[in-house]
Amino acid sequence: MKLSVLAISVTAIACLSHVADSFTTIPNTRINSPPLLKRKPLYSSVVDNTSSSNDDDVCTIQILMSDTGGGHRASANALRDAFDVLHPGKIEVDIVDIYTDYGPFFPYNAYVECYKIMAEYSFLWKIFFEFGETPFGLWLNEFLLELCCFDPFKECLDRPSCSTTKRADMVVSVHPLCQDLPLKILSYLDSNGQTRATTARTTPFATVVTDLGGAHPTWFNPGVDKCFVPSDALYQKARDRKITPEQIIQYGLPIRKGFWSDPSTASSPSSTTTTTAAAASSNNNPGFFERLFGGGGGAKQTPQKSSSSPTVAKVNAKDALRAELGLKPSIPTVLVVGGGDGMGGIIEQAKSLGSKLNADGTS
């Protein structure tokens, strides 16, 4: 029975790679290690024999995040949905806003409200961000978190996960402030309270970075088993923080289920690297991104003469998509992308861009 639990847990570890593998819009460029995580003993494989049968049949993953902006929970939901599609009935996911639910007092239990204030007054965000990435700021944050939040966060990580009576077989972080302390707590739990040294940890831990072009140093902890990054810039930031190439997996960002090509065509866990564009073209059922950027699979459905070149197909697909979205085909369309809750001045940028285009006669 213990062996069956271990097998299911290893499946969950491998599954994390296939989530990014099958449902991202940016192809991977760096995959450095064969097995995703070292096959070390997992907590669930050494529990006593009084555990319920469901504990043995289901692998559980706890995803740690905070609702500071929409991207962290959206990424967590995307991973959960992909697990459900790739391994139906085998993996249960527990998504926790650890600061809101387990923060002992202000400001830890009010991060969401504080974030909204800093989004409104960006100079506050700048001050906290830049101070927090200094060596002293990093040390102070880690010291205060461990001093104030160790016990309440331990309650979170030690709680029965999903429908089982055991804690999670694996922990995944999709937030920059969910690395340092959770790693120490897992070491403490895995060693039966003997030490907080990260070398004692046996529960698998992975970070999925949800920022794209820049990221705070707290995202990157060399004690994790795997760190998923979406870009070359963040690959280098991870390396600067002493994370080894063997620990880093570079993929695109997790994307919401509504943007998948077709959930029923998700690649199986044993398949090789597949992007959504490849999945779409394989069954001529393109998703939004494929129709927008790649021309979709529809143009390849029926062989045509030379006029059906990739360039022509792409133009036709974009014209069809413009009509579907109600966009005027005679004028340019600009997509402005920014952070959650309007972070980064996205409203001002959009208004300024509109004014500029109008002044130039583009209307």
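**Salt bridges**

I searched the whole structure for salt bridges and got 11. Note to self: this is a predicted model.

I started with Glu 142, which pairs with Lys 184; their closest N and O atoms sit 2.9 Å apart. Then I checked where the two residues are. Glu 142 belongs to helix α7 (residues 135-157) and Lys 184 to helix α8 (residues 180-190), so I wrote this down as a link between distant parts of the chain, 42 residues apart.

Buried or exposed? I looked up both ends of this pair. Glu 142 comes out partly exposed, at a relative accessible area of 30%. Lys 184 is buried, at 16%, because the cut-off for buried is under 20%.

Next on my list was Glu 146, with Arg 196 as its salt-bridge partner and 2.8 Å between the closest N and O atoms. This one also links distant parts of the chain: Glu 146 is in helix α7, while Arg 196 is in the loop between α8 and β5 (205-208), 50 residues apart. I get 36% relative accessibility for Arg 196, which counts as partly exposed.

**Arg 167 and Asp 190**

I then turned to Arg 167, whose side chain meets that of Asp 190 in a salt bridge at 2.5 Å, N to O. What does this pair tie together? Arg 167 is in the loop between α7 and β4 (170-173) and Asp 190 is in helix α8, so the bridge connects parts 23 residues apart in sequence. Both ends went down in my notes with their accessibility: Arg 167 is buried at 3%, and Asp 190 is buried at 16%.

Back to shared partners. I found that Glu 142, Glu 146, Lys 184 and Arg 196 are joined into one network by salt bridges that share partners.

**Cysteines**

How many disulfides are there in the whole structure? My search gave 0.

I looked at Cys 149 to see what surrounds its sulfur. The nearest cysteine sulfur belongs to Cys 148 and is 5.8 Å away, and Cys 149 is in no disulfide. Its relative accessible area is 0%, so I have Cys 149 down as buried.

Why is Cys 178 without a bond to Cys 156? The closest cysteine sulfur to that of Cys 178 is in Cys 156, 8.8 Å off, which is too far for a bond, because a disulfide needs the two sulfur atoms within 2.5 Å. I also checked accessibility here, and Cys 178 counts as buried at 1%.

Methods:
Residues are numbered from 1 along each chain as its sequence is written. This is a predicted model: local features need pLDDT of at least 70, side-chain atom pairs count only at pLDDT 80 or more; totals for chains, interfaces and linings use all residues. Side-chain values use heavy atoms; hydrogens and water are left out. A salt bridge is a side-chain nitrogen of Lys or Arg within 4 Å of a carboxyl oxygen of Asp or Glu. Helices (H or I, at least four residues) and strands (E, at least two) are DSSP runs, numbered from the N terminus. Buried means under 20% relative accessible area, exposed over 50%, partly exposed in between (1.4 Å probe, protein chains only).
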